[in-house]
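Trainee: I would like to go through some of the terms used for this model and see what backs each one.
Mentor: Go ahead. We can take them in turn.

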Amino acid sequence: NKVYSLLKLSKKPVLLIGYGVRLSKSQKQILDLINLLKIPVLTSRRGSDLIDSKNIYYFGRPGVYGHRYSNMIIQKSDLLISIGSRLSIPLIGRKSKDFANNAKKIIIDIDQNELEKKTLFPDYKINCSADVFIDSMIKYNVKLGLYKKWIQDCKKIKKILSFDKENYKHDKNINPYLFIKDLSFIIPDESIIFMDGNTIMNYTMQSFDIKKNQRLITASGLDSEGFSLPASLGLSAYDCKNFIIVLCDQTKVFSSIENFNMIMENKLPIKIFAFEGVKNIALRNSQKDFFGARYV
């Protein structure tokens with residue numbers, strides 16, 4: 001009742017959904033809730049495959065690694081409802097008090113410790129599983145007004161700060177952001193995409209357009225190069241028939257040649273794209289930002 005009351009008062013609400021939605025097996029229900037509320041939807045890194053990029057209410061992935069327009073939309077919102085996202089520092093930024101500072105914040109998380117951490121400043125904390133909250137919202141179903149003007153404003157922000165405005169260009173080498181953008185257009189529905197952490201995750205979060213029923217799998221905050229190829233083999237061991245894409249660090253490919261023998265022997269449907277020169281960039285940046293640039 002309180003959430004719906006705040007929605008009625010709001011002129012610029014946003015819904016942020018994270019991996020907790022998938023953990024609670026609420027992938028279908030969250031789409032029902034989105035169609036019910038009809039407000040802009042954003043996703044965390046690990047929740048990015050919960051909704052396809054062409055959904056009319058989808059406005060990208062906020063955060064350090066995400067879309068510029070998504071960050072702007074969150075900062076302009078007056079109500080943030082976060083379901084199943086731990087709202088990590090890479091998502092909310094290092095000046096955490098400034099995150100969505102114009103909005104009332106309703107945070108839904110199954111882990112009470114996440115609700116109490118010092119980087120979050122929720123107005124309302126709801127300690128429950130994502131599926132319980134989503135189902136309750138759908139069953140309660142208070143009639144809301146339309147947010148047509150806010151949706152139009154979000155579309156304008158997305159256009160002004162679109163991917164095209166980043167001015168990425170190919171030079172003597174292929175630009176990885178443009179490459180992944182183009183690659184995402186031709187990967188079929190229901191494909192499974194594995195990506196390494198670190199810079200490859202940055203390329204992907206800014207550039208990749210998710211289609212219906214695609215999965216995007218990563219080790220997330222661990223920044224682990226070398227995750228995606230063995231992870232894809234682990235899935236293939238379960239007789240997976242899906243089209244599988246691997247986006248990985250070139251050095252880790254060379255250090256695991258035995259994986260290629262397994263791929264060839266079992267005729268696994270894996271397509272590997274290896275990126276050069278990405279090693280330890282995120283690690284060095286963290287060392288610089290948090291530990292006084294003490295490189296050891």
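Mentor: Start with angles between helices: under 35 degrees counts as roughly parallel, over 145 as roughly antiparallel, 65 to 115 as roughly perpendicular, and the rest as oblique. Keep in mind that this is a predicted model.

Trainee: Why are H3 and H7 called oblique to each other?

Mentor: The axes of helix H3 (residues 27–37) and helix H7 (residues 130–140) cross at roughly 40°. That value is not under 35 degrees and does not reach the range of 65 to 115, so the pair is oblique. The axes come within 10 Å, and the crossing is left-handed.

Trainee: Which residues make the contact between H3 and H7?

Mentor: On H3, they are Gln29, Ile30, Asp32, Leu33, Leu36 and Leu37. H7 contributes Ile134, Asp135, Met137 and Ile138.

Trainee: What makes Ser191 buried?

Mentor: Buried means under 20% relative accessible area. Ser191 has 0%, so the word applies. Ser191 sits in the loop between helix H9 (176–186) and strand S6 (192–195). Its side chain reaches the backbone oxygen of Pro188 at 2.7 Å. Beyond its neighbours within four places in sequence, Ser191 is in contact with Asn213, Gln214, Arg215 and Phe243.

Trainee: How do you know that Cys128 counts as buried?

Mentor: Its relative accessibility is 18%, under the 20% cut-off, so Cys128 is buried. Cys248, at 2%, is buried by that rule too.

Trainee: How many disulfides are there?

Mentor: A disulfide needs a pair of cysteine sulfur atoms within 2.5 Å. By this rule the count is zero.

Definitions and conventions
Residues numbered from 1 in each chain as written. Predicted model: local features only at pLDDT ≥ 70, side-chain atom pairs only at ≥ 80, totals over all residues. Heavy atoms only, no water. Helix = DSSP H or I, 4+ residues; strand = E, 2+ residues; numbered from the N terminus. Buried < 20%, exposed > 50% of the residue type's maximum accessible area, 1.4 Å probe, protein only. Polar contact = N/O pair within 3.5 Å; in protein donor to acceptor, adjacent residues only side chain to side chain. Contact = heavy atoms within 4.5 Å. Axes fitted to C-alpha atoms, helices over the stretch in contact; angles between N-to-C directions. Left-handed = near helix turned anticlockwise from the far one by under 90°.
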